[in-house]
Amino acid sequence: LPGVYAMLAGNGEQVLTANADTDINSSDRVRWGVDIGQIGEYRIGDYNLNGDSNYNDRVVWERNNGKFTSIARD
């Protein structure tokens, strides 16, 4: 809808390479794998932003895997 925006969860790997900052892919799954088990703090792989990196964050990534935006980061 015009004027309605949303940010998809699961795009944790934010390196400045082609499409890394605009799509959710396997690199973001790897980023989650690095952070899993970290509790009590927000990490890049904490895709649901509850302060714990665990399997629930992978579920978020799985739901959004393959989605992308055409709005690149500046």
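A salt bridge here pairs a side-chain nitrogen of Lys or Arg with a carboxyl oxygen of Asp or Glu within 4 Å. Keep that cut-off in mind for point 3. One caveat up front: this is a predicted model.

1. **Overall picture.** The chain has two helices and zero strands. Of its 74 residues, 27% count as buried. Taking contacts between residues at least 6 apart in sequence, 38% join residues at least 24 apart. The exposed surface comes to about 5,200 Å², with carbon and sulfur atoms supplying 55% of it.

2. **The core and Tyr 47.** Five residues make up the largest nonpolar core: Ile 24, Trp 32, Tyr 47, Val 60 and Trp 61. In soluble globular proteins, nonpolar side chains tend to be buried together. Tyr 47 is a good residue to click on. Setting aside neighbours within four places in sequence, its contacts include Trp 32, Val 60 and Trp 61, each of them also a member of that core. The list for Tyr 47 also takes in Ala 9, Gly 10, Asn 11 and Gly 12, along with Asp 28, Arg 31 and Asp 57.

3. **Asp 57, the one I'd look at twice.** Asp 57 sits in helix 2, which covers residues 55–64. What is the nearest side chain of opposite charge to this buried residue? That would be Arg 43, 10 Å away, and Asp 57 has no salt bridge. With the 4 Å cut-off for such a bridge, Arg 43 at 10 Å doesn't qualify. Beyond four places in sequence, Asp 57 is in contact with Trp 32, Gly 45, Asp 46, Tyr 47, Asn 48 and Asp 52. Two of these names, Trp 32 and Tyr 47, come back from the core in point 2.

4. **Arg 29.** Over in helix 1 (residues 26–35) we find Arg 29. Is it buried or exposed? Neither, quite: Arg 29 counts as partly exposed because its relative accessibility is 28%. Apart from residues up to four places away in sequence, Arg 29 touches Arg 58 and Trp 61, and Trp 61 is another core member. Arg 29 and Glu 13 are 16 residues apart along the chain, with 8.5 Å between their C-alpha atoms.

5. **Leu 49.** Please check the backbone here. Leu 49 has a phi near 55 degrees, a positive value in a residue other than glycine. Where does Leu 49 sit? In the loop between helix 1 and helix 2. Leu 49 counts as exposed because its relative accessible area is 57%.

Conventions: Residues numbered from 1 in each chain as written. Predicted model: local features only at pLDDT ≥ 70, side-chain atom pairs only at ≥ 80, totals over all residues. Heavy atoms only, no water. Core = buried A, V, L, I, M, F, W, Y, C linked by side-chain atoms within 4.5 Å. Buried < 20%, exposed > 50% of the residue type's maximum accessible area, 1.4 Å probe, protein only. Contact = heavy atoms within 4.5 Å. Helix = DSSP H or I, 4+ residues; strand = E, 2+ residues; numbered from the N terminus. Lys, Arg positive; Asp, Glu negative; His and termini not counted. Areas by Shrake-Rupley, 256 points an atom, 1.4 Å probe, with all protein chains shown as cover.
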